[in-house]
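Me: I am new to this structure and would like a close look at a single part of it. Please take one sheet, go through it carefully, and then show me what lies around it.

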Amino acid sequence: MERRQFLAGLAGLALLPLAGCRFTGPLRVGIHTWIGYETLYLAQNLRWLPAGAELISGTSATDSLAGLRNGELDAACLTLDEVLVARSLGLPLQIALVFNVSAGADMLVARPGIHSLQQLEGKRLGVESTALGALMLNRVLNKAGLPRAAVQTVELPPAGQLAAWQQHKVDAIITYEPTASRLLELGGVNLFNSRELPDTIFDVLAVRTDSLMFKPVKTLIAAHFHALEHIRSNRQDALYRIAARQQISPQQVKQALAGVMLPGLAANHRYLDHGASRLALAGQQLHEIMLNNGLLAQPDVQEKLLSSRWLPEVLA
């Protein structure tokens with residue numbers, strides 16, 4: 001479920017030339033394992049994907065960025081901050097769908113004996129070097145009333161978080177599912193999570209607007225909503241299908257789903273139809289944090305960042 005192993009490869013990817021426009025061939029969608037993206041895998045499993053749509057699985061968002069940049073992909077499943085990074089590198093990306101909003105799946109887990117955020121003072125705090133890591137860190141410190149210098153931050157990518165915890169290299173970690181649940185099983189304490197940051201951390205489908213002519217984006221998105229309805233109306237079947245694909249237990253899938261909000265069609269229109277939506281405001285907030293932390297190659301005015309034109313119509 002690693003969805004954010006992204007920024008490490010940007011330096012090299014920024015040197016790749018932008019591929020020319022492509023208007024023929026299949027709709028190729030970059031995707032990697034994360035609970036919020038499972039609707040597309042589920043649609044594939046149930047044969048609901050449209051003809052001409054292909055899911056191109058990678059190990060992380062870095063693979064998807066490379067595919068978008070060299071013209072091998074037309075769209076990708078990314079977090080909002082990843083879209084902003086890609087746009088700052090010159091990719092003509094637009095958000096066409098909101099897969100999920102984090103509602104507890106992102107959290108700060110501390111060692112037993114640390115019972116309040118104030119007790120983080122002087123402690124070693126592991127955090128990923130991404131905009132979301134910076135956002136969570138800022139909110140944690142603000143709530144604790146602590147300055148940045150009060151904690152010793154340790155740069156810690158997701159793949160190394162569990163080992164760092166087990167080797168006692170950190171006292172607390174800003175993390176997300178499934179690592180968060182594993183740390184809690186080892187006795188960690190959930191001191192702060194994304195339920196306290198409503199409508200802030202988004203996973204989305206970003207489309208490359210210069211390569212979509214005659215490609216089935218609308219029917220792909222319709223398949224997502226078909227699969228989302230299957231999760232809601234045939235939950236046990238969906239849990240077992242997702243568990244089998246990810247090679248985890250249905251209970252772990254259920255727990256992961258509990259940490260995200262999966263917006264339906266009407267909610268997607270609210271996010272994408274309006275210039276002052278919560279998604280647009282979150283984009284502006286992340287943009288400022290990313291600029292302040294040197295995570296953007298250049299500022300993005302966020303013009304045409306959102307579009308609802310590929311969403312199905314909402315029936316009255």
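Reply: In this predicted model, five strands form an open sheet in the order 7-6-8-5-9, and their pairing is mixed. The edges of this sheet are taken by strand 7 (152-155) and strand 9 (189-193), each of which has a single partner strand, so one side of each is left without a neighbour in the sheet. Direction ignored, neighbouring strands here are turned by 30° against each other on average.

Within the order just given, strand 6 (residues 124-127) and strand 8 (residues 172-176) run parallel and are joined by two bridges. In general, the strands of a sheet pair through backbone hydrogen bonds, and the pairing may be parallel or antiparallel. Across this pair, Gly126 has Ile173 of strand 8 opposite it.

To see the surroundings, it helps to turn to the nonpolar cores. The largest of them holds 100 residues, among which Leu108 and Leu205 touch the most other members, and helix 5 (residues 131-144) gives the most to this core, with nine residues. Ile173, already met opposite Gly126, belongs instead to a second, separate core of nine residues, which also includes Met107, Ala164 and Leu183.

Leu205 leads on to the other sheet, since that residue lies in strand 10, where Cys77 stands opposite it. Leaving aside residues up to four places away in sequence, Leu205 touches Cys77 and its neighbours Ala75 and Ala76, and its contacts also include Val29, Phe99, Leu220 and Ile221. Strand 10 (residues 202-208) pairs with strand 3 in the antiparallel sense, over five bridges. Both strands belong to an open sheet of six strands in the order 2-1-3-10-4-11, again with mixed pairing. There, strand 2 and strand 11 (260-261) stand at the edges with a single partner strand each, so one side of each has no neighbour in the sheet.

Helix 2 (residues 38-45) is packed against part of this second sheet: its buried residues meet strand 1 (27-31), strand 2 (53-57), strand 3 (75-79) and strand 4 (93-102), as well as helix 8 (217-233) and helix 9 (235-246). The buried residues of helix 2 are Glu38, Thr39, Leu40, Tyr41, Leu42 and Ala43, and because six of its eight residues are buried, helix 2 is largely enclosed by the rest of the structure. After helix 2 comes Arg47, with a positive phi near 65°.

Notes. Residues are numbered from 1 along each chain as its sequence is written. This is a predicted model: local features need pLDDT of at least 70, side-chain atom pairs count only at pLDDT 80 or more; totals for chains, interfaces and linings use all residues. Side-chain values use heavy atoms; hydrogens and water are left out. Buried means under 20% relative accessible area, exposed over 50%, partly exposed in between (1.4 Å probe, protein chains only). Helices (H or I, at least four residues) and strands (E, at least two) are DSSP runs, numbered from the N terminus. Contact means heavy atoms within 4.5 Å. Two strands pair if DSSP finds at least two bridges between them. A nonpolar core is a set of buried Ala, Val, Leu, Ile, Met, Phe, Trp, Tyr and Cys residues joined through side-chain atoms within 4.5 Å. Axes are lines fitted to C-alpha atoms, for helices over the stretch in contact, and angles run from 0 to 180 degrees between N-to-C directions.
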